[in-house]
Amino acid sequence: MCKFVISGGQTLRGELTVSGSKNAALPIVSAALLAEGPCTIENIPNIADVQSMLDILKKLGANVEELDRNTIRIDATQVTSHEATFDLVSKLRGSYYLMGAFLGRFGQAVVALPGGCKLGTRPIDQHLKGFQALGVDIVEAYGKVTAKAYDASGILHGNNIYLDVVSVGATINLMLAACKAAGQTVIENCAREPHVVDVANFLNSMGAKIRGAGTDIIKITGVPKLHGVEMYSIIPDQIEAGTYMIAAAATGGEITIKNIIPRHQESLTAKLQEMSIGIEEGEDWIRIYNNGSVSAAHVKTLPYPGFPTDMQPQITVLLSQADGTSKIVEGVTDFRFQYTEELKRMGADITVNGKMAMVSGPKNLKGTIVRAPDLRGGAALVIAALMAEGDTVIQDVQFIDRGYDNIVGKLQSVGAKIVRVEDDN
Ligand code: EPZ
């Protein structure tokens, strides 16, 4: 176990480059199971969740070759197993993508229910409802899902599916399962996140016929086989980029963030401008600067293109420095304010009531010992520590390592005083 030790009060200046999207990489690595040949994928973030997913593929018998720190070559041709046990999947929620990939490849799947960040209940009922619509028998028992196509040949059958909830995971999982189903599948009320589009583009590069990704209706025409991919590059991580944008604003600094797609950041960029933060955009970069006070604002998290739930903890830290009272409403997950207890121990003035938090500022934060409750809550504590007075120790940073590639090195490169040390607690 490790911890971060951060000396606050440094103004972040300079430039840094964003890694590939975690929430695209996890389903794309799973999708390689569908290919009858090798897939080479670049701009893969070197993070714990991706390593966990690659370990699962290796244990299933896939040949996984790391060509460099962010490029891998996966050949799943030899995989015959359609089962992922709890010891394999317990670490990450993204393991549910194995269900869609196994069903698309073998017509059957046995996958233990997923792990991942504790953000309230995180059901997968919409995933299972969609699989059933594609002609799959589902049995949920003993902490796992057992799924098998009714068709003795193992083929799934296209159908119309209407998602009751806008779900990133269900949208992507159903694309994985339906791309080799017989006939056409239409999924309505789909998630429109950039990583949904990235997965569809990857599948199409394997020979799938998926249209409409990025809108709320996706049409899939099943194909008999999917081939390998010579080279596919994963989109930049919009949440990692947003985290560093807020860190720059929170420390009164100026950072240019490179290798991003500004359009993917629009809801955050607009909110930061509303908060009087300076923004300059180029084709694949954004410059953030804050040389004055921060204005209070109201934020409600929504499915894309709304304000992302994965940026809720980070914007709340910045709002603790705003002049006045701000309101944050969590519109996507059941509960995602665990981190505010740690922020209050640093001096933030936050009141949480169910899915709403009221934040009053500006409040000077003071360094202390805190514990990361989950991935994005941990990232929020890093931002708080960067601007706090004195030193902060953040424990349980394994949560942060799940989703941020080299966060210590990237922050050091723009002037932060942050080190990773062994935690013997
Ligand atoms: C993905 O989680 C991301 N994880 C999450 O990122 C992200 O917060 C979330 O999408 C929303 O953008 C991965 O991609 C691995 P959902 P997922 O299905 O797929 C409800 C991070 O910080 N729901 O879009 O689990 C659900 O309870 C992580 O990188 C159902 O009711 O999210 C939630 O309230 C955290 N039934 C809402 O929908 C279902 O079958 C959105 O969930 C599925 C979801």
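**Burial, contacts and backbone geometry in a predicted chain**

Gly347 counts as partly exposed, because its relative accessibility is 35%, a value that falls between the limits of under 20% for buried and over 50% for exposed residues. The model in which this residue is described is a predicted one. Gly347 is placed in the loop that runs between helix α11 (339–345) and strand β20 (349–353). When residues up to four places away in sequence are left aside, Gly347 touches Lys363 and Leu365. Gly347 and Lys144 are separated by 203 residues in sequence, and their C-alpha atoms are 43 Å apart in space.

The chain as a whole may be considered next. Its secondary structure comes to 14 helices and 24 strands. The radius of gyration is 21 Å, close to the 22 Å that the globule rule gives for 425 residues, and the chain is therefore as compact as a globular protein of that length. Taken along the principal axes, the box filled by the C-alpha atoms is roughly 65 × 45 × 40 Å. Of the 425 residues, 57% count as buried, and the accessible surface of the chain comes to about 15,900 Å², with 49% of that area belonging to carbon and sulfur atoms. Among the contacts that join residues at least 6 apart in sequence, 73% are between residues at least 24 apart. The side chains include 39 that are positive and 46 that are negative, and the centres of these two sets lie 2 Å apart.

Burial can be followed in more detail in helix α1, which spans residues 22–31. In this helix 10 of the 10 residues are buried, so α1 is largely enclosed by the rest of the structure. The buried residues of α1 include Lys22, Asn23 and Ser30, together with Ala24, Ala25, Leu26, Pro27, Ile28, Val29 and Ala31. At the start of α1, a side-chain oxygen of Ser21 reaches to within 3.3 Å of the backbone nitrogen of Asn23.

A charged residue, Glu240, is found in helix α8, which covers residues 238–250. Glu240 counts as buried because its relative accessibility is 2%, whereas the cut-off for burial is under 20%. A polar atom of the Glu240 side chain lies 2.8 Å from the backbone nitrogen of Ser19. Ser19 is also one of the residues that Glu240 touches when residues up to four places away in sequence are not counted, the others being Val18, Tyr404, Asp405 and Lys410.

Ser167 offers a further case of a buried polar side chain with backbone partners, and its place is in the loop between strand β10 (160–162) and helix α6 (168–178). With a relative accessibility of 14%, Ser167 counts as buried. A polar atom of its side chain lies 3.4 Å from the backbone nitrogen of Gly169, and the backbone nitrogen of Ala170 lies 2.8 Å from a polar atom of the Ser167 side chain. Beyond residues up to four places away in sequence, Ser167 touches His127 and Ala191.

The backbone geometry of several loops also deserves description. Most residues other than glycine have a negative phi, and most peptide bonds are trans. Asn43, in the loop between strand β3 (39–42) and helix α2 (48–59), has a positive phi, near 60 degrees, and is not a glycine. Asn189 likewise has a positive phi, of about 65 degrees, although it is not a glycine, and Asn189 is found in the loop between strand β11 (184–188) and helix α7 (194–205). At 19% relative accessibility Asn189 counts as buried, since the cut-off for burial is under 20%.

Two peptide bonds that precede proline are cis. The bond from Tyr304 to Pro305 has an omega near 10 degrees, and Pro305 is found in the loop between strand β18 (298–300) and helix α10 (312–319). The bond from Gly361 to Pro362 has an omega near 0 degrees, and Pro362 is found in the loop between strands β21 (356–361) and β22 (369–371).

Definitions and conventions
Residues are numbered from 1 along each chain as its sequence is written. This is a predicted model: local features need pLDDT of at least 70, side-chain atom pairs count only at pLDDT 80 or more; totals for chains, interfaces and linings use all residues. Side-chain values use heavy atoms; hydrogens and water are left out. Helices (H or I, at least four residues) and strands (E, at least two) are DSSP runs, numbered from the N terminus. The radius of gyration is taken over C-alpha atoms; the globule rule is 2.2 Å times the number of residues to the power 0.38. Buried means under 20% relative accessible area, exposed over 50%, partly exposed in between (1.4 Å probe, protein chains only). Contact means heavy atoms within 4.5 Å. Accessible areas come from the Shrake-Rupley method with a 1.4 Å probe; for residues, only the protein chains shown count as cover. Lys and Arg count as positive and Asp and Glu as negative; His and the chain ends are not counted. The place of a charge is taken as NZ of Lys, CZ of Arg, CG of Asp or CD of Glu. A polar contact is a pair of N or O atoms within 3.5 Å; within protein, one must be able to donate a hydrogen and the other to accept it, and residues adjacent in sequence count only if both atoms are side-chain atoms.
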